[in-house]
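Visitor: I am new to reading protein models, and I would like to learn how to go from a picture to a description. Could you take me through this one, feature by feature?

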Amino acid sequence: MNKIPVAILGATGLVGQRFITLLHEHPWFEIAELAASDNSVGKKYGDAAKWQLPFEIPESLAEMRVLPCDPERVQAPLVFSALPTDIAGDLEVAFAKRGAIVSSNASPHRMDADVPLVIPEVNPEHLALAEIQKQKYASDGYIICNGNCTTIHLALGLAPLHKRFGLKKVLVTSMQALSGAGYPGVPSLDIIDNVVPYIGGEEQKVETETVKFLGKLKGTKGNEGIEYADIRVSAHCNRVATRDGHLETVSVEFIDKPSAGDIIAAFDEFRGLPQELNLPLAPIHPTVYRREKDRPQVKLDRDAEKGMATIIGRLRECNVLDYKFVLLGHNTLRGAAGATVLNAELLYVKGMLEKERWSERVVE
Ligand SMILES: NC(=O)c1ccc[n+]([C@@H]2O[C@H](COP(=O)([O-])OP(=O)(O)OC[C@H]3O[C@@H](n4cnc5c(N)ncnc54)[C@H](OP(=O)(O)O)[C@@H]3O)[C@@H](O)[C@H]2O)c1
(Lines give C-alpha, C1' and ligand atoms only; values in the text may rest on other atoms or scores of the structure.)
Protein backbone atom coordinates (compact mmCIF):
# COMPACT_ATOMS: atom_id res chain seq x y z
CA MET A 1 0.00 0.00 0.00
CA ASN A 2 1.21 3.53 -0.77
CA LYS A 3 1.53 5.54 2.41
CA ILE A 4 0.91 9.27 2.89
CA PRO A 5 4.14 11.20 3.53
CA VAL A 6 3.92 13.20 6.77
CA ALA A 7 6.07 15.78 8.54
CA ILE A 8 6.56 16.31 12.26
CA LEU A 9 7.11 19.89 13.48
CA GLY A 10 8.81 20.01 16.89
CA ALA A 11 10.04 16.48 16.20
CA THR A 12 12.87 16.58 18.76
CA GLY A 13 10.69 17.42 21.81
CA LEU A 14 8.82 15.09 24.15
CA VAL A 15 5.64 15.05 22.10
CA GLY A 16 7.66 14.87 18.88
CA GLN A 17 9.36 11.72 20.17
CA ARG A 18 5.97 10.14 20.84
CA PHE A 19 5.01 10.99 17.24
CA ILE A 20 8.08 9.12 16.06
CA THR A 21 7.11 5.96 17.93
CA LEU A 22 3.44 6.12 16.86
CA LEU A 23 4.08 6.95 13.19
CA HIS A 24 7.06 4.69 12.57
CA GLU A 25 5.51 1.62 10.91
CA HIS A 26 2.05 3.20 10.82
CA PRO A 27 -0.11 1.40 8.22
CA TRP A 28 -1.25 4.61 6.44
CA PHE A 29 1.38 7.29 7.19
CA GLU A 30 5.12 7.42 6.52
CA ILE A 31 7.45 9.91 8.23
CA ALA A 32 9.04 11.88 5.38
CA GLU A 33 10.29 15.04 7.12
CA LEU A 34 11.36 16.03 10.64
CA ALA A 35 11.59 19.69 11.65
CA ALA A 36 12.61 21.59 14.79
CA SER A 37 14.33 24.80 15.95
CA ASP A 38 17.50 26.41 14.56
CA ASN A 39 19.45 24.54 17.26
CA SER A 40 18.63 21.26 15.53
CA VAL A 41 18.40 22.21 11.84
CA GLY A 42 20.92 20.34 9.68
CA LYS A 43 21.79 17.82 12.39
CA LYS A 44 20.95 14.12 12.18
CA TYR A 45 17.76 13.49 14.16
CA GLY A 46 19.58 11.02 16.42
CA ASP A 47 22.07 13.75 17.39
CA ALA A 48 19.51 16.55 17.74
CA ALA A 49 16.87 14.79 19.89
CA LYS A 50 17.51 14.29 23.60
CA TRP A 51 15.76 10.95 23.41
CA GLN A 52 13.60 10.19 26.47
CA LEU A 53 11.73 7.01 25.61
CA PRO A 54 12.66 3.43 26.52
CA PHE A 55 12.89 2.32 22.86
CA GLU A 56 15.66 2.87 20.31
CA ILE A 57 15.17 5.62 17.71
CA PRO A 58 14.34 3.79 14.46
CA GLU A 59 17.61 3.66 12.50
CA SER A 60 16.34 5.29 9.29
CA LEU A 61 14.98 8.24 11.29
CA ALA A 62 18.09 8.66 13.44
CA GLU A 63 19.99 9.39 10.20
CA MET A 64 17.41 11.85 8.82
CA ARG A 65 18.50 15.52 8.69
CA VAL A 66 16.34 17.96 10.67
CA LEU A 67 14.65 20.70 8.61
CA PRO A 68 13.54 24.18 9.67
CA CYS A 69 9.81 24.59 10.45
CA ASP A 70 9.33 26.51 7.23
CA PRO A 71 6.30 25.80 4.99
CA GLU A 72 8.49 26.37 1.92
CA ARG A 73 10.99 23.72 3.04
CA VAL A 74 8.66 21.15 4.60
CA GLN A 75 6.61 19.74 1.75
CA ALA A 76 4.50 16.92 3.21
CA PRO A 77 0.75 17.30 2.64
CA LEU A 78 -0.04 16.15 6.21
CA VAL A 79 1.79 17.87 9.05
CA PHE A 80 1.78 16.90 12.73
CA SER A 81 2.53 19.89 14.96
CA ALA A 82 4.16 19.67 18.38
CA LEU A 83 5.37 23.26 18.24
CA PRO A 84 5.71 25.48 21.33
CA THR A 85 2.68 27.71 21.94
CA ASP A 86 4.44 30.99 21.14
CA ILE A 87 5.31 30.02 17.57
CA ALA A 88 2.59 27.50 16.68
CA GLY A 89 -0.10 30.13 16.01
CA ASP A 90 1.42 31.85 12.96
CA LEU A 91 3.37 28.84 11.67
CA GLU A 92 0.37 26.50 11.58
CA VAL A 93 -1.62 29.09 9.60
CA ALA A 94 1.29 29.46 7.16
CA PHE A 95 1.28 25.68 6.62
CA ALA A 96 -2.52 25.63 6.11
CA LYS A 97 -2.23 28.49 3.58
CA ARG A 98 0.29 26.53 1.54
CA GLY A 99 -2.24 23.69 1.41
CA ALA A 100 -1.08 21.42 4.22
CA ILE A 101 -3.47 19.66 6.55
CA VAL A 102 -2.19 20.42 10.04
CA SER A 103 -3.09 18.03 12.85
CA SER A 104 -1.99 20.06 15.85
CA ASN A 105 -1.23 19.34 19.43
CA ALA A 106 -0.50 22.99 20.25
CA SER A 107 -2.97 25.34 21.94
CA PRO A 108 -3.18 28.65 19.96
CA HIS A 109 -5.96 27.61 17.54
CA ARG A 110 -7.98 25.24 19.74
CA MET A 111 -10.67 27.78 20.59
CA ASP A 112 -10.82 29.43 17.13
CA ALA A 113 -14.43 29.42 15.93
CA ASP A 114 -13.53 27.69 12.64
CA VAL A 115 -11.07 25.10 14.01
CA PRO A 116 -12.34 21.61 14.86
CA LEU A 117 -11.21 20.68 18.39
CA VAL A 118 -11.80 16.96 18.18
CA ILE A 119 -11.79 13.76 20.21
CA PRO A 120 -12.90 11.17 17.65
CA GLU A 121 -15.08 9.26 20.16
CA VAL A 122 -16.72 12.46 21.42
CA ASN A 123 -17.35 14.99 18.63
CA PRO A 124 -16.21 13.76 15.18
CA GLU A 125 -18.99 15.82 13.55
CA HIS A 126 -17.07 19.02 14.45
CA LEU A 127 -14.73 18.25 11.53
CA ALA A 128 -17.30 20.07 9.35
CA LEU A 129 -15.67 23.34 10.49
CA ALA A 130 -12.62 22.62 8.34
CA GLU A 131 -14.57 23.78 5.27
CA ILE A 132 -14.76 27.32 6.69
CA GLN A 133 -10.98 27.45 6.97
CA LYS A 134 -10.47 26.20 3.42
CA GLN A 135 -12.53 29.13 2.17
CA LYS A 136 -10.76 31.59 4.49
CA TYR A 137 -7.29 30.47 3.39
CA ALA A 138 -8.36 29.96 -0.26
CA SER A 139 -6.48 26.68 -0.04
CA ASP A 140 -7.07 22.97 0.52
CA GLY A 141 -5.26 23.30 3.83
CA TYR A 142 -6.74 23.55 7.29
CA ILE A 143 -5.92 23.05 10.97
CA ILE A 144 -7.49 20.48 13.26
CA CYS A 145 -6.59 20.42 16.96
CA ASN A 146 -6.60 18.01 19.83
CA GLY A 147 -7.11 19.38 23.31
CA ASN A 148 -4.93 20.08 26.29
CA CYS A 149 -3.60 16.90 27.94
CA THR A 150 -5.73 17.27 31.08
CA THR A 151 -8.83 18.30 29.15
CA ILE A 152 -8.80 15.38 26.71
CA HIS A 153 -9.03 12.88 29.55
CA LEU A 154 -11.60 14.95 31.42
CA ALA A 155 -13.76 15.27 28.29
CA LEU A 156 -13.43 11.56 27.49
CA GLY A 157 -14.53 10.74 31.04
CA LEU A 158 -17.43 13.21 30.96
CA ALA A 159 -18.70 12.40 27.45
CA PRO A 160 -20.45 9.10 28.35
CA LEU A 161 -22.21 10.88 31.23
CA HIS A 162 -23.16 14.05 29.34
CA LYS A 163 -24.42 12.12 26.30
CA ARG A 164 -26.60 9.82 28.46
CA PHE A 165 -27.74 11.93 31.42
CA GLY A 166 -26.78 15.59 30.81
CA LEU A 167 -24.27 17.40 33.03
CA LYS A 168 -24.73 20.76 34.79
CA LYS A 169 -21.59 21.33 36.86
CA VAL A 170 -18.07 19.88 37.02
CA LEU A 171 -15.35 20.50 39.61
CA VAL A 172 -11.94 19.03 38.75
CA THR A 173 -8.57 19.02 40.53
CA SER A 174 -5.60 17.73 38.53
CA MET A 175 -2.26 16.26 39.62
CA GLN A 176 -0.19 16.58 36.45
CA ALA A 177 3.01 14.76 35.54
CA LEU A 178 6.32 16.45 34.75
CA SER A 179 6.43 15.36 31.11
CA GLY A 180 3.43 17.64 30.55
CA ALA A 181 5.86 20.57 30.77
CA GLY A 182 8.06 19.30 27.91
CA TYR A 183 11.82 18.74 28.07
CA PRO A 184 13.73 19.73 30.24
CA GLY A 185 10.58 21.11 31.88
CA VAL A 186 10.30 22.03 35.57
CA PRO A 187 13.64 22.54 37.38
CA SER A 188 14.28 19.61 39.77
CA LEU A 189 14.68 21.86 42.82
CA ASP A 190 11.24 23.35 42.17
CA ILE A 191 9.45 19.99 42.18
CA ILE A 192 11.32 17.45 44.37
CA ASP A 193 9.62 17.41 47.81
CA ASN A 194 6.91 19.68 46.42
CA VAL A 195 3.55 20.16 44.68
CA VAL A 196 3.25 23.32 42.59
CA PRO A 197 -0.33 24.66 42.64
CA TYR A 198 0.01 26.63 39.40
CA ILE A 199 0.40 25.73 35.71
CA GLY A 200 0.17 28.82 33.51
CA GLY A 201 -3.03 28.96 31.45
CA GLU A 202 -3.99 25.38 32.28
CA GLU A 203 -7.16 25.97 34.31
CA GLN A 204 -8.62 28.21 31.63
CA LYS A 205 -7.88 25.59 28.97
CA VAL A 206 -9.64 22.89 30.99
CA GLU A 207 -12.68 25.11 31.61
CA THR A 208 -13.12 26.32 28.02
CA GLU A 209 -11.99 23.37 25.88
CA THR A 210 -14.23 20.94 27.79
CA VAL A 211 -17.41 22.78 26.83
CA LYS A 212 -16.25 23.06 23.21
CA PHE A 213 -15.61 19.29 23.02
CA LEU A 214 -19.05 18.59 24.45
CA GLY A 215 -20.75 21.27 22.36
CA LYS A 216 -22.95 20.99 19.26
CA LEU A 217 -22.51 22.19 15.69
CA LYS A 218 -24.57 25.32 14.99
CA GLY A 219 -26.61 26.02 11.90
CA THR A 220 -28.49 23.88 9.44
CA LYS A 221 -25.38 23.06 7.37
CA GLY A 222 -23.47 22.22 10.53
CA ASN A 223 -20.54 24.46 9.73
CA GLU A 224 -21.42 27.72 11.45
CA GLY A 225 -19.40 27.21 14.60
CA ILE A 226 -19.98 25.42 17.87
CA GLU A 227 -22.60 26.02 20.54
CA TYR A 228 -20.70 25.25 23.72
CA ALA A 229 -22.20 22.76 26.16
CA ASP A 230 -24.11 24.49 28.95
CA ILE A 231 -21.92 23.06 31.74
CA ARG A 232 -20.14 25.09 34.40
CA VAL A 233 -16.60 23.76 34.79
CA SER A 234 -14.19 24.83 37.55
CA ALA A 235 -10.59 23.53 37.51
CA HIS A 236 -7.64 23.46 39.93
CA CYS A 237 -4.40 22.35 38.23
CA ASN A 238 -1.29 21.19 40.12
CA ARG A 239 2.13 19.93 39.02
CA VAL A 240 3.35 16.85 40.91
CA ALA A 241 6.53 14.79 40.71
CA THR A 242 5.27 11.91 38.58
CA ARG A 243 6.84 11.30 35.17
CA ASP A 244 3.85 10.51 32.92
CA GLY A 245 0.11 10.37 33.59
CA HIS A 246 -2.29 13.05 34.80
CA LEU A 247 -4.58 12.10 37.71
CA GLU A 248 -7.81 14.09 38.14
CA THR A 249 -10.39 14.07 40.94
CA VAL A 250 -13.81 15.07 39.60
CA SER A 251 -17.20 15.99 41.13
CA VAL A 252 -20.26 16.28 38.88
CA GLU A 253 -23.86 17.47 39.05
CA PHE A 254 -26.43 16.10 36.58
CA ILE A 255 -29.62 17.50 35.10
CA ASP A 256 -31.36 14.30 36.31
CA LYS A 257 -29.28 12.35 38.81
CA PRO A 258 -28.76 8.74 37.59
CA SER A 259 -27.92 5.76 39.81
CA ALA A 260 -24.28 4.81 40.41
CA GLY A 261 -24.92 1.58 38.47
CA ASP A 262 -26.14 3.56 35.45
CA ILE A 263 -23.01 5.73 35.55
CA ILE A 264 -20.68 2.73 35.66
CA ALA A 265 -22.62 1.14 32.79
CA ALA A 266 -22.16 4.35 30.78
CA PHE A 267 -18.36 4.18 31.30
CA ASP A 268 -18.28 0.44 30.51
CA GLU A 269 -20.36 0.71 27.36
CA PHE A 270 -18.92 3.92 25.87
CA ARG A 271 -17.65 3.44 22.31
CA GLY A 272 -17.25 5.77 19.34
CA LEU A 273 -16.24 5.98 15.70
CA PRO A 274 -12.61 4.90 16.26
CA GLN A 275 -13.81 1.61 17.70
CA GLU A 276 -16.51 1.17 15.03
CA LEU A 277 -14.02 1.90 12.24
CA ASN A 278 -11.22 -0.02 13.92
CA LEU A 279 -8.73 2.85 13.55
CA PRO A 280 -5.12 1.68 14.03
CA LEU A 281 -4.55 3.69 17.22
CA ALA A 282 -8.02 3.27 18.72
CA PRO A 283 -8.25 1.71 22.18
CA ILE A 284 -10.74 -1.14 22.43
CA HIS A 285 -12.31 0.61 25.43
CA PRO A 286 -11.92 4.42 25.39
CA THR A 287 -13.13 4.62 29.02
CA VAL A 288 -12.23 1.87 31.47
CA TYR A 289 -13.93 1.70 34.88
CA ARG A 290 -11.78 -0.02 37.58
CA ARG A 291 -13.73 -1.63 40.43
CA GLU A 292 -10.87 -1.81 42.98
CA LYS A 293 -11.15 0.69 45.84
CA ASP A 294 -7.67 2.19 45.24
CA ARG A 295 -7.52 2.49 41.42
CA PRO A 296 -6.71 4.08 39.04
CA GLN A 297 -3.13 4.75 40.09
CA VAL A 298 -0.61 6.64 37.96
CA LYS A 299 2.14 4.00 37.86
CA LEU A 300 -0.19 1.04 37.44
CA ASP A 301 -2.78 2.33 34.98
CA ARG A 302 -1.38 5.06 32.72
CA ASP A 303 -0.30 2.58 30.02
CA ALA A 304 -3.61 0.68 29.88
CA GLU A 305 -4.97 0.33 26.32
CA LYS A 306 -1.51 1.50 25.08
CA GLY A 307 -1.96 4.85 26.82
CA MET A 308 -5.00 5.68 24.65
CA ALA A 309 -7.82 5.27 27.22
CA THR A 310 -9.12 7.25 30.18
CA ILE A 311 -9.13 5.10 33.32
CA ILE A 312 -11.81 5.86 35.91
CA GLY A 313 -12.55 4.58 39.42
CA ARG A 314 -13.77 5.34 42.94
CA LEU A 315 -17.27 6.47 41.97
CA ARG A 316 -19.14 7.58 45.09
CA GLU A 317 -21.78 10.06 46.26
CA CYS A 318 -20.61 13.66 46.69
CA ASN A 319 -21.87 15.81 49.59
CA VAL A 320 -21.74 18.98 47.49
CA LEU A 321 -22.55 17.89 43.91
CA ASP A 322 -24.12 14.53 42.92
CA TYR A 323 -21.17 12.15 42.47
CA LYS A 324 -17.37 12.15 42.58
CA PHE A 325 -14.76 9.91 40.97
CA VAL A 326 -11.09 9.71 39.98
CA LEU A 327 -9.77 9.60 36.43
CA LEU A 328 -6.34 9.11 34.92
CA GLY A 329 -4.81 9.40 31.47
CA HIS A 330 -1.45 9.29 29.76
CA ASN A 331 -0.55 12.88 28.91
CA THR A 332 1.88 12.41 26.01
CA LEU A 333 -0.09 9.53 24.40
CA ARG A 334 -3.90 10.06 24.44
CA GLY A 335 -3.23 13.49 25.98
CA ALA A 336 -0.96 14.61 23.11
CA ALA A 337 0.67 12.72 20.19
CA GLY A 338 -1.76 9.77 20.32
CA ALA A 339 -4.69 12.18 20.09
CA THR A 340 -3.14 14.04 17.14
CA VAL A 341 -2.50 10.81 15.22
CA LEU A 342 -5.98 9.44 16.01
CA ASN A 343 -7.47 12.69 14.64
CA ALA A 344 -5.47 12.21 11.42
CA GLU A 345 -6.67 8.59 11.16
CA LEU A 346 -10.23 9.91 11.39
CA LEU A 347 -9.50 12.40 8.56
CA TYR A 348 -8.16 9.51 6.49
CA VAL A 349 -11.23 7.29 6.83
CA LYS A 350 -13.54 10.28 6.35
CA GLY A 351 -11.87 11.03 3.00
CA MET A 352 -10.63 14.41 4.24
CA LEU A 353 -7.04 13.77 3.09
CA GLU A 354 -7.91 14.08 -0.60
CA LYS A 355 -5.83 11.55 -2.44
CA GLU A 356 -4.91 13.69 -5.45
CA ARG A 357 -2.97 16.00 -3.15
CA TRP A 358 -0.42 13.42 -2.12
CA SER A 359 -0.56 10.87 -4.93
CA GLU A 360 2.45 12.41 -6.70
CA ARG A 361 4.45 12.21 -3.51
CA VAL A 362 3.48 8.86 -2.08
CA VAL A 363 6.14 6.84 -0.32
CA GLU A 364 6.34 3.43 -1.99
N1 LIG B 1 4.16 17.35 26.91
C2 LIG B 1 2.84 17.15 26.96
O3 LIG B 1 2.32 16.29 27.70
C4 LIG B 1 1.93 17.97 26.08
C5 LIG B 1 0.58 17.65 26.09
C6 LIG B 1 -0.31 18.37 25.30
C7 LIG B 1 0.18 19.41 24.54
N8 LIG B 1 1.51 19.73 24.55
C9 LIG B 1 1.95 20.82 23.67
O10 LIG B 1 2.77 20.24 22.62
C11 LIG B 1 3.77 21.16 22.20
C12 LIG B 1 5.14 20.50 22.34
O13 LIG B 1 5.34 20.13 23.68
P14 LIG B 1 6.61 19.27 24.16
O15 LIG B 1 6.25 18.81 25.52
O16 LIG B 1 7.02 18.29 23.13
O17 LIG B 1 7.74 20.43 24.24
P18 LIG B 1 9.34 20.29 24.17
O19 LIG B 1 9.78 18.98 24.71
O20 LIG B 1 9.86 21.53 24.82
O21 LIG B 1 9.67 20.33 22.60
C22 LIG B 1 9.54 21.50 21.83
C23 LIG B 1 9.85 21.23 20.36
O24 LIG B 1 9.66 22.42 19.61
C25 LIG B 1 10.88 22.77 18.93
N26 LIG B 1 11.05 24.22 18.92
C27 LIG B 1 11.34 25.05 19.96
N28 LIG B 1 11.45 26.33 19.54
C29 LIG B 1 11.26 26.30 18.21
C30 LIG B 1 11.30 27.30 17.19
N31 LIG B 1 11.53 28.59 17.47
N32 LIG B 1 11.08 26.93 15.90
C33 LIG B 1 10.82 25.62 15.59
N34 LIG B 1 10.78 24.62 16.51
C35 LIG B 1 11.00 24.97 17.81
C36 LIG B 1 11.98 22.08 19.73
O37 LIG B 1 13.11 21.91 18.89
P38 LIG B 1 14.64 21.89 19.46
O39 LIG B 1 14.86 20.55 20.12
O40 LIG B 1 15.44 22.08 18.25
O41 LIG B 1 14.75 23.03 20.45
C42 LIG B 1 11.28 20.77 20.10
O43 LIG B 1 11.29 19.92 18.97
C44 LIG B 1 3.56 22.41 23.06
O45 LIG B 1 2.72 23.32 22.37
C46 LIG B 1 2.84 21.87 24.29
O47 LIG B 1 2.08 22.86 24.95
C48 LIG B 1 2.39 19.03 25.29
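Guide: Let us begin with a small detail: P296 is found in the loop between β12 and α11 (298-301). Please keep in mind throughout that this is a predicted model.

Visitor: What form does the peptide bond from R295 to P296 take?

Guide: One reads the omega angle of the bond, and here the bond from R295 to P296 is cis, with omega near 5°. There is another such case, since the peptide bond from Y183 to P184 is also cis, with omega near 0°, and P184 sits in the loop between β7 and α7 (188-191).

Visitor: Where does E25 lie, and what is its phi?

Guide: E25 lies in the loop between α1 and β2, and its phi is near 70°, a positive value in a residue that is not glycine.

Visitor: Which domains does the assignment give for the protein chain?

Guide: The assignment gives domain 1, made of 4-146 + 337-361, and domain 2, which covers 149-330. The C-alpha centres of these two domains lie 24 Å apart, and 32 residues of domain 1 are in contact with 28 residues of domain 2.

Visitor: Which element gives the most to the side of domain 1 that touches domain 2?

Guide: On that side of domain 1, the elements that give two or more residues are α1, α5 (130-137) and α12, and α12 gives the most, with seven residues. Sorted by class, the side of domain 1 that touches domain 2 has 18 nonpolar, eight polar and six charged residues.

Visitor: Now the sheets, please. In what order do the strands of the open sheet with parallel pairing stand?

Guide: To read a sheet, one lists its strands from one edge to the other and then asks how they pair. In this case six strands form an open sheet in the order β3-β2-β1-β4-β5-β6, and the pairing is parallel. The edge strands, β3 (67-68) and β6 (142-145), each pair on one side only. Looking at one pair, strand β1 (residues 4-9) and strand β2 (residues 29-36) are joined in the parallel sense over six bridges, and I8 stands opposite L34 in β2.

Visitor: Which strands does helix α1 touch where it packs on the sheet?

Guide: Helix α1 (residues 14-23) touches β1, β2 and β4 (78-81), and its direction makes about 160° with that of β1. Helix α12 (residues 333-349) also packs on the sheet, touching β4, β5 (101-104) and β6, and its direction makes about 145° with that of β5.

Visitor: What is the strand order in the open sheet with mixed pairing?

Guide: That sheet has six strands in the order β10-β7-β11-β14-β13-β12. Its edge strands are β10 (232-239) and β12 (287-290), each of which pairs on one side only, and the twist averages 20° from one strand to the next. Within the sheet, strand β11 (residues 246-254) and strand β14 (residues 323-329) run antiparallel and are joined by seven bridges, with S251 opposite K324 in β14. Helix α8 (residues 202-213) lies across β7 (167-176) and β10, and runs at about 145° to β10.

Visitor: At what angle do the axes of α6 and α8 cross?

Guide: For a pair of helices, one looks at the distance between the axes, the angle, the handedness and the residues that make the contact. The axes of α6 and α8 come within 9 Å and cross at roughly 40°, and these two helices are therefore oblique to each other. Their crossing is right-handed. The contact is made by T150, T151, L154, A155 and L158 of α6 together with E202, K205, V206, E209, T210 and F213 of α8, and these residues divide into five nonpolar, three polar and three charged.

Visitor: How does helix α6 pack with helix α9?

Guide: Helix α6 (residues 149-165) and helix α9 (residues 260-269) pack at an angle of about 120°, with their axes 9 Å apart, which makes α6 oblique to α9. Here α6 passes α9 in a right-handed crossing. P160, L161 and R164 of α6 make the contact with I263, A266 and F267 of α9, and by class this contact has five nonpolar, no polar and one charged residues.

Key. Residues are numbered from 1 along each chain as its sequence is written. This is a predicted model: local features need pLDDT of at least 70, side-chain atom pairs count only at pLDDT 80 or more; totals for chains, interfaces and linings use all residues. Two strands pair if DSSP finds at least two bridges between them. Helices (H or I, at least four residues) and strands (E, at least two) are DSSP runs, numbered from the N terminus. Two residues are in contact if their C-beta atoms, placed from the backbone, lie within 7 Å. Axes are lines fitted to C-alpha atoms, for helices over the stretch in contact, and angles run from 0 to 180 degrees between N-to-C directions. Domain bounds come from an automatic or database domain assignment. Ala, Val, Leu, Ile, Met, Phe, Trp, Tyr, Cys and Pro count as nonpolar, Asp, Glu, Lys and Arg as charged, and the others, Gly among them, as polar. Angles under 35 degrees count as roughly parallel, over 145 as roughly antiparallel, 65 to 115 as roughly perpendicular and the rest as oblique. A crossing is left-handed if the near helix is turned anticlockwise from the far one by less than a right angle, and right-handed if clockwise.
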